[in-house]
Amino acid sequence: MDDNVRGGKSALLLSLNEDVAEIEELARTAGYEIVYEIVQKRTRPEPNFYVGRGKVKEIAELISESPVEAVIMNSEAKPSHHYNLESVLKAECLDRTRLILDIFTTRANSKESKLQVEKARLRYETPLLKEWIHNAKGGEHPGFMGGGEYAIDLYYDLIKKRIRSIDDELLEIRRASDQKRARRERNEVFTVTLAGYTNAGKSSLMRALTGEEVLIEDRMFSTLSTTTRSLTGENVLIVDTIGFIRDLPHFMIESFRNTIEEVFYSDLILLVIDVSEDVESMEGKMKVSLDILLPRVERDKIIIILNKIDNISYKNHYTNIKDMLIRTIGDSDAVLVSAKKGSGVDDLTDKIKKRFRRDVLISIKMPNNKRSQPAVSKIFDLCDVSKCEYSKTISISGRCHQIDVGKIRKIVSSLNGRVIEAADPAEGRPPQET
Ligand SMILES: Nc1nc2c(ncn2[C@@H]2O[C@H](COP(=O)(O)OP(=O)(O)OP(=O)(O)O)[C@@H](O)[C@H]2O)c(=O)[nH]1
Ligand SMILES: [Mg+2]
């Protein structure tokens, strides 16, 4: 744990509900120590001050006696909430989005993530700035930087221009990663992405699967950009990426689109769930993850990983977790692992390897004529050929991917040949002939 996380800047937490565990964690990660927690139950924020005026007065008295460095609101707040509260409390007021942005700012270490964070910050700060300028001098626009309204407009234009130039740079980076992806596809390299809620143990699982050192911390959003390592001895890449979180404002998702979309292109997704928490939290986080994934990814590309089984909550029974999986994703298939202790990791590795291995035995017979040669070379691309004999006919035996069987059949049948296919003998599927 970083030093600035423990014993950080003092803060007062202001919440409209009792669900404060996550904001406490975010605050801790952003370097704050919550010294007061004020809950005023409301379905939505009070329009002017976020909480009622009586509560604001109470807080003002409290922090005039023992001051805090920040007031943290447990949701997204409007610019007017920030302005009004800061004016009365004379302390910096931050909402949940700003906390997340502050964490992202300290974690961004690649060019792409730095640009994404800068874009999100500009989009976040512009409405706040507008509110401040609007309120200065009782609603009249002040002589901003000595130039009045003209200078303000110029400033907004500058922000817009900067966002456009960030977008151009991000597009360039995206094109480069599209090319990289196309190269991987050509070379038949498969990608497996670790997805899931922040702090679920994705990077730990990356380390357990690949043996490579990656950043692992008990704080949210340790990983902000995509990192790729190979699965030893296989043509498989493991990709670690940014974690999900609930209620992320749309402008944040849009700013991080490059990174988030990387998940959708992978051949397999390991959706990591932290079982050290209670089933209710697990279910909430599972829903957030599925809401992001399922509109864009087929169900059979997702393997559910129940992680931290060494530290499973004493309140959890596997039957409850299974019921939760059935409620959220429709079945209870899952792989149990402890990324930290290593249990279950070998089984998971085998499962991944099996998924991408050429394990369908195939034998082909087709006429030997002028048209056969291009077909043979395509078959060599799609199969690990163990035997190839030429006489009146061409006989080829080898192994291929299940996903390529259809392509091979098409090639062979267009030449009036035939294909006999059998799955991995260990699976005992009978040979199929076409
Ligand atoms: N007990 C236990 N702790 C684990 C396990 N896997 C991960 N952790 C802990 O969970 C915390 C978060 O782990 P990370 O691997 O950084 O999680 P992440 O999903 O990559 O998190 P972000 O990148 O911040 O989204 C760390 O303190 C890990 O040591 C596990 O199997 N058992
Ligand atoms: Mg991580």
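**A buried glutamate, a mixed sheet and a magnesium site**

With a relative accessibility of 11%, Glu261 counts as buried, because burial is assigned under 20% relative accessible area. The model described here is predicted, and within it Glu261 belongs to helix 9, which spans residues 257-264. When residues up to four places away in sequence are set aside, Glu261 is in contact with Arg174 and Arg296.

The description turns next to the sheet. An open sheet is built from 6 strands, arranged in the order 6-7-5-8-9-10, and the pairing among these strands is mixed. Strand 6 (227-230) and strand 10 (335-336) form the edges, each of them pairing on one side only. At the edge formed by strand 6, the neighbouring element is strand 7 (residues 236-240), and the two strands run antiparallel to each other with 4 bridges between them; Thr227, for its part, has Asp240 in strand 7 as its bridge partner. Helix 12, which comprises residues 345-356, packs on the sheet and touches strand 5 (190-196), strand 7, strand 8 (268-274), strand 9 (302-307) and strand 10, while its direction makes about 160° with that of strand 8.

Helix 7 also packs against several of these elements. Of its 9 residues, 7 are buried, and the helix is accordingly described as mostly covered. The buried positions are Lys202, Ser203, Ser204, Leu205, Met206, Leu209 and Thr210, and together these residues pack against strand 5, strand 6, strand 7, strand 8, strand 9 and helix 12. An α-helix has 3.6 residues a turn, so residues three or four places apart point the same way. After helix 7 comes Gly211, a residue with a positive phi near 75°.

The magnesium ion (ligand 2) has as its protein donors Ser203, through OG, and Thr223, through OG1, and these atoms lie 2.0 to 2.1 Å from the ion. The two donors link distant parts of the chain, since Ser203 is placed in helix 7 (residues 202-210) whereas Thr223 is placed in the loop between helix 7 and strand 6, the two being 20 residues apart. Ser203 has a relative accessibility of 8% and therefore counts as buried, and Thr223, at 13% relative accessibility, likewise counts as buried. Ser203 thus appears both as a donor to the magnesium ion and among the buried residues of helix 7.

Definitions and conventions
Residues are numbered from 1 along each chain as its sequence is written. Chains are lettered from A and ligands numbered from 1 in the order in which they are written. This is a predicted model: local features need pLDDT of at least 70, side-chain atom pairs count only at pLDDT 80 or more; totals for chains, interfaces and linings use all residues. Side-chain values use heavy atoms; hydrogens and water are left out. Two strands pair if DSSP finds at least two bridges between them. Contact means heavy atoms within 4.5 Å. Axes are lines fitted to C-alpha atoms, for helices over the stretch in contact, and angles run from 0 to 180 degrees between N-to-C directions. Donors are N, O and S atoms within 2.8 Å of the metal (3.2 Å for Na, K and Ca); water is not among the atoms, so sites may look incomplete. Buried means under 20% relative accessible area, exposed over 50%, partly exposed in between (1.4 Å probe, protein chains only).
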